[in-house]
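Hi everyone, thanks for coming along. I'd like to walk you through a model with you looking at it on the screen, so let me put it up.

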Amino acid sequence: MEESVKAKSLHKKSKREGYMIFLYALPTIIFVFIFSYLPLRGWIYSIYNYQPGLPISECEFVGMKYFTKLFSNPVMRMNLFNSLRNTFAMVGLGILTSPLPMIFAIFLSEMRSKGFKKFVQTVTTMPHFISWIIMYSLVFSMLNVNNGFVNTLLVQMGVIEEPVNFLASQKHVWITMKGYELWKELGWSAIVYLAAIAGIDQELYEAAMVDGANRLQRIWHITVPGMIETFFVLLIMSLGNFLNTGMEQYYVFQNAMNKDYIQVLDLYVYNIGIGNGQISYATAIGIMKSLVAVIMFGFVNWLSKTVRGYSMF
Amino acid sequence: MKASKKVLTLFLAAAMVVSAFAGCSKGNDESSSTANESSQSSQAGDSSTEPAGNTGEVTTLDYYISTTAVSGPVTGWLGDYLKENGLALNIIAGSEEKMQAYLAGGDLPDLMSFNTWDSVTKAIAGKMLVNLDEHLDKLPNVTANVPEAIEYTRDNRSNGTGNLYVIPSSIGDSYFPVDTGVYSINVRWDIYEKIGCPKAETLEDLIPIFKQMQEAYPETEDGTKTYAMNLFSSWDGTTKMAAVNNVITTLGYMESFYQYFADLNLETGEINSIFDDDSTYLRALKFFYQLNQEGLLDPDAITQTYEAAKAKVDSGAYVAIGYAGYKDGFNTPEHVDADEPVGYMPIIFDEYKACVIGDATVGSTRNQLGISAVSSKVDACLQYINLTADYDALLTLNNGPQGELWDINDEGEVYATEKYWDCYNSNGGKLTLSNGEELHPGFTYEYVIANTQAHPTYNVPIGIGNWPDVIEGTQKNKLTEAWSDDNDGYMFPIQKMEAEGRVYKRPLAHTLMETTPDDIALLQQAIAQIVIQNSWKMAYAKDEAEFNSLWDDMKTQAEALDVQEVIDWATDSWNKGMEIAKQYVE
């Protein structure tokens, strides 16, 4: 009898705790619902010839017309394919370069001069707060052919004979874009890792020093393992954002010469939807992006299940 | 303690949810009208426009202008003048993107100055605009001064409703008193004279001339290397390579018609595909290609913005400039009236035919004025529109307060005051008022009636810069004299051009073309992307083989996208425009 009362009260307690946990999660659920699920009703625009300002009920229903348009013509297909290819390339490079902030943070933390360390950290973090428009002006003033200081320097040093038009080149577009992004974001991204390093127990280093570990060994055996978890968490988070490359950077750097390699999906949607006012068509492309993202997610899920025996679903 | 933590947690969660919802809620658009008490004395002129019911209260209007880059309240003498009329304007600088966002959102600012008829059509379809037919009694200046424009707009630009939703702007005759403005190729006349003023028959003959000029003047005083033609890509947008206008408009072809992938010859009226192997478009690209081969094309052209190119024009770093090469920045009084004058003047090669802006009998193709359907200040908006269609008010709006730079003499004639000439002679041409304020601090607005239109009482164009004595006094200088000596003694280029029948005005049909249907616009944008890209690549092609292969590639891709459909639509729309124009032009 007593046991059954105890069990009942335990059950009650765990039920109440369940509610509490649910309440803790509720704001996030509502947040996700509002900002991630509600906007999905905008997908309906892709099957109507949407006229801004008109309620959807008064717009002409066109069914799958815009989806057909996406694939009906070889040039349109190529545009979509190129945008997809560029997106994958940029994301791929993003993953490849993802250890860089971690490495940078290690280097920073190993600096002996505190003043110099702070100086480097400030200088590398500052560009994060500058908009891409300003960054472009900066890059243009550095790299332009007529009086950009890089070209002037290279010519005067005799490295090149004629100035190189770096900005209007279709060579290495992905790498240069990633380079600009790293320049802008490296210092900022390193902050999380610096925090992780600060969290590593100093006694470990002292013990290692007593054991005769040199600097590199301390980094490799203590610092890196101490940060790796943070690295993977960030990597997984960035994978969740797989196709969201953003468009600002590519928008300001695009020109006729590099457009084939710079137009990522987000920029393509922007150019068509906002740039050209084709909202329905741009929505159709946006849906295609989501579709690709779902397929990618399914693939990663399958991979995780096969390799690690663990998956989301 | 625990309980208080729980309460705090719940409170924060609730606050987050509420703020999230608040972010989504539709903004309350009833921005209050500020009733500023006008305390500042004003030097504004004695315009005859007395706003109906002006009780001394000032209504602030949010005014979206698609063609200005400066946001913020209108202050200074213009602000004072508007305040006298019970108005204050808060300018919202526009852009193509912002326009789309406003249209998608549905709630427009009080007063709108649209960028295209296409946007107007969308706004009408979305029921975002006030039907002005219901308020014509409050637009007496508009109905009296621009009746054709109203009739035209109602008949052709009402999205089939037959109502008047916008009032077009810049209505009036076009006016080229000195030269054809940007519809010419201007060369650094001082350098051109140095190389002996060689004559050119064709466009291509200009290339060796430019080369000689570049050799004579390889870099500016500050060491910037010189090039020919101020090309840049920031005006390309989504439909065209704007740089082509440099060539098209000097060969008698209509500006920007190639955005429909066709050349329109204004002399013959013929419309042909730009993909024909003898097209003017291809000729323009070849011209750029040859310039590049000769080291005359600015390598930064493709990446520089208009502002960067303009800064170079202003410093005289191009030996020749074309469309968008506004030469005033370099042709300053100090330059053009120096003992050895320097400056840009048009080179009149034998083949040159200027395609210039035509008379805007029913208004320009942009800056149409409309009132937002959700505005609570419709009367004030109407008052503003009516004010900008009043000839006397326009004298002040364009030229500043009466008694400053202009005045009316005892014979009832308008004239430029001593102050105006002082500004011209000693202030580097910068027009400033007595209080030191600039007349046009970096921006001007488009009004219902153009400043080139003649004032009915004074029989001179509204804008002071176009008054005969002002033109004579400001445009005649040592540079124009030098030009005149080399050009059969004509005082100004326009006189030679007109005498030789080389000026072609854009027909009214240009402003009367239909709104591009969505299907065509989609096609147009997709083709344009290829055309813009390949055109720039062709200009910078390494050799003839690469040039031709890019051309073939562009042609093949455009044909695969059914470019003929766009050309056919544009031809049809142009022909319809020509028919409609007959109703409005005698």
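Let me begin with a small puzzle: in which sense do β7(B) and β10(B) pair, parallel or antiparallel? Have a look while I remind you that this is a predicted model. The pairing of β7(B) with β10(B) is parallel, over 2 bridges. If you want one spot to find it by, Ala228(B) stands opposite Ala320(B) in β10(B).

Now let's widen the view to the sheet around that pair. This is an open sheet of 4 strands in chain B, and reading across it you get β7-β10-β6-β11, with mixed pairing. At the edges sit β7, residues 227-228, and β11, residues 344-346, and each of these pairs on one side only.

Moving along from β10(B), we come to β6(B): these strands run antiparallel and are joined by 2 bridges. Here Val187(B) has Ala320(B) as its bridge partner in β10(B). So we meet Ala320(B) again, the residue that Ala228(B) stands opposite. On to the next pair: β6, residues 186-188, and β11(B) are antiparallel too, with 3 bridges between them. One to click on there is Asn186(B), whose bridge partner in β11(B) is Pro346(B).

What lies across this sheet? Helix α8 of chain B, residues 206-216, lies across β6, β7 and β10, and runs at about 150° to β10(B).

Let's go over to the other sheet in chain B. This one is open as well, with 6 strands in the order β2-β3-β1-β4-β13-β5 and mixed pairing. The edge strands are β2, residues 72-73, and β5, residues 166-167; each has a single partner strand, so one side of each is left without a neighbour in the sheet. Helix α2, residues 76-84 of chain B, packs on this sheet and touches β2 and β3, its direction making about 130° with that of β3(B). Within the sheet, β4, residues 111-113, and β13, residues 369-371, run antiparallel and are joined by 3 bridges. Leu111(B) is a handy marker for that pair, with Ile371(B) as its bridge partner in β13(B).

Stepping back, how is chain B divided? Domain 1 takes 40-184 + 365-458, and domain 2 takes 194-358 + 479-584. Their C-alpha centres lie 30 Å apart. Where the domains meet, 20 residues of domain 1 are in contact with 28 residues of domain 2. On the domain 1 side, α4 (117-125) and α6 (147-156) each supply at least two residues. That side divides into 8 nonpolar, 8 polar and 4 charged residues.

There is also a helix pair in chain B that I'd like you to see. Helix α10, residues 280-293, packs with α20(B) at an angle of about 35°, their axes 7 Å apart. From α10(B) the contact uses Leu285(B), Phe288(B), Tyr289(B) and Asn292(B), and from α20(B) it uses Ser535(B), Met538(B) and Ala539(B). By class that makes 5 nonpolar, 2 polar and no charged residues.

Keep α20(B) in mind as we turn to the chain contact. Here 38 residues of chain B are in contact with 36 residues of chain A. Which elements of chain B give two or more residues to this side? They are α1 (2-24), α3 (96-105), α4, α20 (518-539) and α21 (544-560). The most comes from α20(B), with 9 residues. Taken by class, the chain B side has 20 nonpolar, 10 polar and 8 charged residues.

That brings us to chain A itself, which has 14 helices and 2 strands. Its radius of gyration is 26 Å, well over the 20 Å that the globule rule gives for 313 residues, so chain A is more spread out than a compact globule. The C-alpha atoms fill a box of roughly 85 × 70 × 35 Å along the principal axes.

Chain A is divided into domain 1 (1-63) and domain 2 (73-308), and the C-alpha centres of these domains lie 33 Å apart. Their contact takes 8 residues from domain 1 and 5 residues from domain 2. The domain 1 side has 5 nonpolar, 3 polar and no charged residues.

Last, a note from the records: an unreviewed UniProt entry places the feature "domain: ABC transmembrane type-1" at residues 87-300 of chain A. Over that stretch the chain is 74% helix and 0% strand, with the end C-alpha atoms 17 Å apart. Thanks, and let's talk!

Conventions: Residues numbered from 1 in each chain as written. Chains lettered and ligands numbered in written order. Predicted model: local features only at pLDDT ≥ 70, side-chain atom pairs only at ≥ 80, totals over all residues. Domains from an automatic or database assignment. Contact = placed C-beta atoms within 7 Å. Nonpolar A, V, L, I, M, F, W, Y, C, P; charged D, E, K, R; others polar. UniProt positions renumbered as here; feature names shortened; annotations may be inferred. Pairing = 2+ DSSP bridges. Axes fitted to C-alpha atoms, helices over the stretch in contact; angles between N-to-C directions. Rg over C-alpha atoms; globule rule 2.2 N^0.38 Å.
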